[in-house]
Amino acid sequence: MSAEILNSIKENLMKGKANDVKALCEEAVKQKIPVGTILSEGLIAAMAIIGEKFKNNQVYVPEVLIAARAMNSGMAVL
């Protein structure tokens, strides 16, 4: 179950869905998934993918900023 939530966090963060990321992070914390795991396997992993896509010109600055806003909403929970 924890892998599903972490994947959902990654997917929603890459789409820039800040409210969904926040709700998923809250759910992950309720399920006692370690905060470090949520951070590294969810939030940071998604930003690494966004960074790679940016480097390869697959996404641009607005998409990166939207993803960063979604990450901030998840970080506020953690």
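# Exercises on a four-helix chain

Buried residues make up 31% of the 78 residues in the chain. The model is predicted.

## Exercise 1: The overall build

Task: State how many helices and strands the chain has, and check its radius of gyration against that of a compact globule.

Solution.

Step 1. Count the elements. The chain has four helices and zero strands. Along the sequence the pattern reads α-α-α-α.

Step 2. Take the overall dimensions. The C-alpha trace spans about 35 × 20 × 15 Å along its principal axes.

Step 3. Test for compactness. A compact globule of 78 residues would have a radius of gyration near 12 Å. The chain has 12 Å, so the two agree.

Step 4. Look at the contacts. Take those between residues at least 6 apart in sequence: 65% of them join residues at least 24 apart.

Step 5. Look at the surface. The accessible surface comes to about 4700 Å², and 56% of that belongs to carbon and sulfur atoms.

## Exercise 2: Helix H2, inside and outside

Task: Check the length of helix H2, then find which of its residues are buried and where they lie around the axis.

Solution.

Step 1. Check the length. H2 covers residues 18-30, which is 13 residues. At 1.5 Å a residue it should span 18 Å. The expected span uses one less than the number of residues. The end C-alpha atoms of H2 are 18 Å apart, so the helix agrees with the rule.

Step 2. List the buried residues of H2. They are Ala-18, Val-21, Leu-24, Cys-25 and Ala-28. These residues cover an arc of only 125 degrees around the axis, so they sit on the same side of H2.

Step 3. Turn to the face away from the buried side. This face of H2 carries the exposed residues Asn-19 and Lys-30. Asn-19 counts as exposed because its relative accessibility is 65%, and exposed means over 50%.

Step 4. Find the cover. Helix H1 (2-15), helix H3 (35-55) and helix H4 (61-77) are among what covers the buried residues of H2.

Step 5. Pick one buried residue, Val-21. Leave aside its neighbours within four places in sequence. Val-21 is then in contact with Ile-9, Asn-12, Leu-13, Leu-43, Ala-70, Ser-73 and Gly-74.

## Exercise 3: Helix H4

Task: Repeat the analysis for helix H4, from its length to its packing partners.

Solution.

Step 1. Check the length. H4 has 17 residues and reaches 25 Å from its first C-alpha to its last. That is close to the 24 Å expected at 1.5 Å a residue.

Step 2. List the buried residues of H4. They are Ala-67, Ala-70, Met-71, Ser-73 and Gly-74. Seen down the axis, they fall within an arc of 155 degrees, so they line one face of H4.

Step 3. Turn to the face away from the buried side. There H4 carries the exposed residues Pro-62, Leu-65, Arg-69, Asn-72 and Ala-76.

Step 4. Name the partners. The buried residues of H4 pack against H1, H2 and H3.

## Exercise 4: The nonpolar core

Task: Say how many residues the largest nonpolar core has and which element gives the largest share.

Solution.

Step 1. Count. The largest nonpolar core has 17 residues. Those with the most contacts inside it are Ile-9, Leu-13, Val-21, Cys-25, Ala-28, Ile-38 and Leu-43.

Step 2. Trace the sources. H1, H2, H3 and H4 each give two or more residues to this core.

Step 3. Find the largest share. H2 gives it, with five residues.

## Exercise 5: Two loop residues and a distant pair

Task: Locate Lys-32 and Asn-57, describe their phi angles, and then examine Leu-39.

Solution.

Step 1. Take Lys-32. It lies in the loop between H2 and H3. Its phi is near 65 degrees, a positive value in a residue other than glycine. Lys-32 counts as exposed because its relative accessibility is 71%.

Step 2. Take Asn-57. It lies in the loop between H3 and H4. Its phi is positive too, about 60 degrees, although Asn-57 is not a glycine. Asn-57 is exposed, with a relative accessible area of 53%.

Step 3. Take Leu-39, in helix H3. Leu-39 is partly exposed, with a relative accessible area of 25%.

Step 4. Compare sequence with space. Leu-39 and Leu-78 are 39 residues apart in sequence. Their C-alpha atoms are 8.1 Å apart.

Step 5. List the contacts of Leu-39 beyond its neighbours within four places in sequence. They are Ile-44, Ala-45, Met-71, Met-75 and Leu-78.

Notes: Residues numbered from 1 in each chain as written. Predicted model: local features only at pLDDT ≥ 70, side-chain atom pairs only at ≥ 80, totals over all residues. Heavy atoms only, no water. Buried < 20%, exposed > 50% of the residue type's maximum accessible area, 1.4 Å probe, protein only. Arc of directions from axis to C-beta. Contact = heavy atoms within 4.5 Å. Rg over C-alpha atoms; globule rule 2.2 N^0.38 Å. Areas by Shrake-Rupley, 256 points an atom, 1.4 Å probe, with all protein chains shown as cover. Core = buried A, V, L, I, M, F, W, Y, C linked by side-chain atoms within 4.5 Å.
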